[in-house]
Amino acid sequence: MERDARIYVAGHRGLAGSALKRRLEGDGYLNLVTRTHAELDLTDQRTVRAFFEKEKPHYVFMAAAKVGGILANNDHPAEFIQSNLAIQANVLHEAWRNGVKRLLFLGSSCIYPRDCMQPIKEEYLLTGPLELTNRAYAVAKIAGVEMCCSYNRQYGTRYLAAMPTNLYGPGDNYDLASSHVLPALVRKTHEARARGLDRVVVWGTGKPRREFLYSDDMADACVTLMKLPDGEFDELLRGPNDFPLINIGCGEDRTIAELARAVASVVGFRGRLEFDASKPDGTPRKLLDIGRLKALGWSPRIGLETGIAAAYKDFLARETGAGKKTNETFEAKT
Ligand SMILES: NC(=O)c1ccc[n+]([C@@H]2O[C@H](COP(=O)([O-])OP(=O)(O)OC[C@H]3O[C@@H](n4cnc5c(N)ncnc54)[C@H](OP(=O)(O)O)[C@@H]3O)[C@@H](O)[C@H]2O)c1
């Protein structure tokens with residue numbers, strides 16, 4: 001990517017998009033194109049077409065999506081599949097029509113089968129049934145991967161689909177009704193400490209294993225990929241089973257119980273952690289195989305405890321800054 005390239009970061013105020021923007025600006029890419037959701041609704045085909053025709057970006061990072069935790073996905077599957085299919089179809093199509101040089105489409109590790117072998121290799125895509133709670137979202141993201149593949153094959157575009165593991169970091173969503181497990185645990189233990197409670201109830205048995213990557217590490221991996229020389233980039237596009245697919249993770253997982261203890265330690269909560277086994281655990285294990293990424297010389301820099309401490313600092317700053325009330329709900333989701 002040339003320093004003066006016009007780079008569109010879709011979803012630049014979200015967890016992933018804000019990390020990408022920070023990283024690109026830090027690298028001296030100053031010709032970034034951004035729009036808030038209010039300024040540009042990516043589900044609206046006509047306005048997306050007008051935007052691309054006016055801005056003519058050279059590169060696109062696709063970090064705009066309707067995203068949520070297990071509860072939101074389970075309760076609103078129609079919204080998750082409709083919004084994500086529309087956003088992807090509009091952006092990927094207009095990127096092709098307007099001659100975008102490279103596009104990085106962000107999906108998620110939930111595209112892989114619920115019970116697939118671990119660690120999860122890219123080639124396991126479409127080899128088994130999906131987890132039911134977020135199947136609508138996963139199917140939309142799989143359609144996005146297939147769109148990347150199909151546009152590359154038919155139109156010669158250079159669209160790469162990157163699948164990050166669970167992300168956390170500055171600007172995360174701490175609303176207990178829609179957040180992922182790590183930010184939900186941060187809010188719950190913070191509120192329990194603030195109120196002097198002696199216990200925090202965590203959804204599920206605490207036994208499922210999950211992998212967590214700090215958002216700045218994810219951005220580092222994405223920018224590394226987009227800066228690859230043509231030969232290496234094109235090699236990635238000829239991915240397993242023809243899918244232009246690459247996993248982004250840290251290569252290690254922890255149980256939810258270990259994660260909850262790490263969060264409690266950072267927050268300074270000294271009470272008990274109770275596990276409510278009547279609540280769903282979700283997929284038993286989800287660890288990505290990051291062999292393809294490592295082969296390019298990439299590795300993560302921010303360890304879990306360091307990352308949680310940085311995320312908690314951001315959480316505290318935002319809580320104080322916004323003067324927000326604490327949330328009454330005390331159920332964390334896995
Ligand atoms: N968070 C994770 O743990 C994780 C893990 C793996 C992969 N990912 C992937 O990373 C991508 C981004 O996720 P995230 O966690 O950064 O989500 P996020 O924090 O919710 O950010 C999503 C961004 O997309 C924007 N957006 C949503 N609908 C839009 C629309 N119709 N038009 C324009 N903008 C729209 C949002 O704007 P508003 O907030 O204003 O609606 C927000 O800025 C997703 O593809 C997701 O699958 C995330």
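The legends below describe close-up views of a predicted model. Local features need pLDDT of at least 70, side-chain atom pairs count only at pLDDT 80 or more, and totals for chains, interfaces and linings use all residues. Residues are numbered from 1 along each chain as its sequence is written, and side-chain values use heavy atoms, with hydrogens and water left out.

**View 1. The shell around the ligand.** The ligand is surrounded by 25 residues, of which Ala16, His37, Tyr137, Lys141 and Leu167 come nearest; a residue is near a molecule if one of its heavy atoms lies within 4 Å of it. By class, 13 of the shell residues are nonpolar, nine are polar and three are charged. Here Ala, Val, Leu, Ile, Met, Phe, Trp, Tyr, Cys and Pro count as nonpolar, Asp, Glu, Lys and Arg as charged, and the others, Gly among them, as polar.

**View 2. Backbone atoms beside the ligand.** An oxygen atom of the ligand lies 2.8 Å from a backbone N or O atom of Leu167. For a polar backbone atom of Leu106, the distance to a ligand oxygen is 3.0 Å. Taken alone, the ligand exposes 890 Å², and the protein buries 81% of that (Shrake-Rupley method, 1.4 Å probe). Helix H1 (15-26), helix H5 (135-155) and strand E6 (166-168) each give two or more residues to the shell; helices (H or I, at least four residues) and strands (E, at least two) are DSSP runs, numbered from the N terminus.

**View 3. The largest nonpolar core.** This core has 79 residues, and Leu20 and Phe61 are among those with the most contacts inside it. A nonpolar core is a set of buried Ala, Val, Leu, Ile, Met, Phe, Trp, Tyr and Cys residues joined through side-chain atoms within 4.5 Å, where buried means under 20% relative accessible area, exposed over 50%, and partly exposed in between (1.4 Å probe, protein chains only). H5 gives the most to this core, with eight residues.

**View 4. Asn247 in strand E10.** Asn247 belongs to strand E10 (residues 245-248) and is buried, with a relative accessible area of 0%. The side chain of Asn247 reaches the backbone oxygen of Ile120 at 2.9 Å.

**View 5. Backbone features in two loops.** A cis peptide bond joins Gln118 and Pro119, with omega about -15°; Pro119 is in the loop between strand E4 (102-106) and H5. Asn241, in the loop between helix H8 (230-237) and E10, has a positive phi near 50° although it is not glycine. Asn241 is exposed, with a relative accessible area of 54%.

Technical notes:
Polar contact = N/O pair within 3.5 Å; in protein donor to acceptor, adjacent residues only side chain to side chain.
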